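Me: I would like to go through one protein model by question and answer, from the whole chain down to single residues. Please keep the terms defined as they come up.

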Amino acid sequence: MGSVSKHAYNIHDLREAARRRLPKGLFEFVDRGSEDEVSLRENRAALARIGLKPRTLVNVSQRPQQITLFGRPQAMPIAVAPTGAAGILWHEGEIALARAAAAAGLPYALATGSMTSMERLAKEVPGRLWFQLYMYADRSLSHSLARRAAALGYEALLVTVDCAVFSNREYNFRNGFTIPVSFTPRNIWDAATHPRWFASVLARYALTTGLPLYANYPEEVKKRIHAQPLGRALPLNDSLTWEDVRVLRELWPGKLILKGVLHPGDAVTAARNGVDGVIVSNHGGRALDGTRAPIEVLPDFVDAVGDRITVIADSGFRRGADVVKALALGADAVLAGRGMLYGVAADGEAGAARALAIYREEIDRVLALLGVPGVSALDRDCLILPEAMRRQPGGDPPTLILREGFRPQRTP
Ligand SMILES: Cc1cc2nc3c(=O)[nH]c(=O)nc-3n(C[C@H](O)[C@H](O)[C@H](O)COP(=O)(O)O)c2cc1C
């Protein structure tokens, strides 16, 4: 473990180490949200509003964190979120993240926009691999990506459905940090004044394989990250419908997961269409600003579909206590996004491993202090919910009656 990781006592320390190492434009690209960043702040604030209600005099000398996710056992209730940026935070950052996840026995989701190809990753890392798919307007391009991932044995396909268009992140324009990456006096200066990152990432690529490629893009649209214009290569699609999900269900033999749902009605439709899981997410506050925090709507999802499909949550999870709260509300697992990116940006694979160790240690300590002998014993009675998340006993669910016979669980 590098000294950076050794001296990181929590995810906030890893964030601070990443902030020091990365050019400002790149750090803000990772760290910030969209527009007024209401959702970004709410993700943390909503988690903080949920109180913990400890029991005492419980034997908590054993506190297993094992869960079964999509039928497979894993050591702790976390999977590593897909993030297109890892390969520019650290040289071959996706491989570093995937190795750290594999060493901890956890799934790693490779993003469509990664700098490491799905073929290379499958060769380098023997762990559980998922592939995140963005849908191109030309569907056949995305279908070819899914077929490649299937042929390589990727376990799950995460179809991201909350980015019909690019979201609005004005600071990226101010920083000259746009996609495709362009070279402006401002960002050249920014890079030059962060020599550790410049030498170990950008210069290393330039001197070896050349500036990074969007390595997963289909051959006909594959581009380097600074190629102008990206045009057809941009994996964006504002005409995606449930018909596309049905086609993917036919095409994809493994677990099919929709990433970025915030309305429980969408989860019900997903379950009806053979989808295996949903990720309740606002993209870490990077997509539509003003959405409620996933943790607040999570109970609606668990009540509506939790007995039929897997429900995973993400957005804002920086502490073990945050993970514990999601599990107590009925989530099957949590995706860690920025927490892992701060780790890999600070110290590569060691930093990513440190991030996972921090989550594990914090979950363990919270379980002990909460009087809960393992994650499988968590339930809503461990929590004190804020007014906005409480249901009236016997009252209607806060959103809608989702299916016949559906009644929300009473929450304290
Ligand atoms: C820098 C960055 C890049 C991301 N890239 C993708 C992506 O390519 N595809 C995707 O589905 N989600 C992407 N996400 C969203 C994450 O998968 C995840 O939903 C989010 O980071 C969770 O919130 P958290 O960062 O607060 O943990 C990205 C997030 C960040 C911070």
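The exchange below starts with the chain as a whole and then turns to single residues.

Me: What kind of model is this, and how are residues numbered?
Reply: This is a predicted model, in which local features need pLDDT of at least 70 and side-chain atom pairs count only at pLDDT 80 or more, while totals for chains, interfaces and linings use all residues. Side-chain values use heavy atoms, with hydrogens and water left out, and residues are numbered along each chain as its sequence is written, from 1.

Me: How many helices and strands are there in the protein chain?
Reply: Helices (H or I, at least four residues) and strands (E, at least two) are DSSP runs numbered from the N terminus. By that count the protein chain has 16 helices and 12 strands.

Me: Why is the protein chain described as being as compact as a globular protein of its length?
Reply: The radius of gyration is taken over C-alpha atoms, and the globule rule is 2.2 Å times the number of residues to the power 0.38. For 412 residues the rule gives 22 Å; the radius of gyration of the protein chain is close to that, so the chain is as compact as a globular protein of that length, at 21 Å.

Me: What percentage of the residues of the protein chain count as buried?
Reply: Buried means under 20% relative accessible area, exposed over 50%, and partly exposed in between (1.4 Å probe, protein chains only). Of the 412 residues, the share that counts as buried is 58%.

Me: Among contacts between residues at least 6 apart in sequence, what percentage join residues at least 24 apart?
Reply: A contact means heavy atoms within 4.5 Å. Among the contacts in question, the share joining residues at least 24 apart is 74%.

Me: How far apart do the centres of the positive and negative side chains lie?
Reply: Lys and Arg count as positive and Asp and Glu as negative, with His and the chain ends not counted. Each charge is placed at NZ of Lys, CZ of Arg, CG of Asp or CD of Glu. There are 51 positive and 43 negative side chains, and the centres of the two sets are separated by 4 Å.

Me: Is Ser315 buried or exposed?
Reply: Ser315 sits in the loop between strand E10 (310-313) and helix H15 (320-328). Its contacts beyond four places in sequence include Asn43, Leu47 and Pro294. Because its relative accessibility is 8%, Ser315 counts as buried.

Me: Which backbone nitrogen does the side chain of Ser315 reach?
Reply: A polar contact is a pair of N or O atoms within 3.5 Å; within protein, one must be able to donate a hydrogen and the other to accept it, and residues adjacent in sequence count only if both atoms are side-chain atoms. The side chain of Ser315 has such a contact with the side chain of Asp314, at 2.8 Å. At 3.0 Å, it also reaches the backbone nitrogen of Gly284.

Me: How many residues of H15 are buried?
Reply: The buried residues of H15 include Gly320, Asp322 and Lys325. Helix H15 is largely enclosed by the rest of the structure, because its buried residues number 9 of the 9.

Me: Which residue just after H15 takes a positive phi?
Reply: The phi angle in question is about 110°. The residue is Gly330.

Me: Is Leu57 buried or exposed?
Reply: Leu57 lies in the loop between strand E1 (51-52) and strand E2 (67-69). Its phi is near 55°, a positive value in a residue other than glycine. With 89% relative accessibility, Leu57 counts as exposed.

Me: Which residue has a side chain joined to that of Arg139 by a polar contact of 2.8 Å?
Reply: Arg139 belongs to helix H8 (residues 139-151). Beyond four places in sequence, the residues that Arg139 touches include Asn237, Ser239 and Leu240. The side-chain partner at 2.8 Å is Asp244.

Me: Which backbone nitrogen lies 2.9 Å from a polar atom of the side chain of Glu37?
Reply: Glu37 is in the loop between H3 and H4, and counts as buried at 12% relative accessibility. Outside its neighbours up to four places away, Glu37 touches Arg32, Tyr171 and Asp289. The backbone nitrogen at 2.9 Å from its side chain is that of Gly33.
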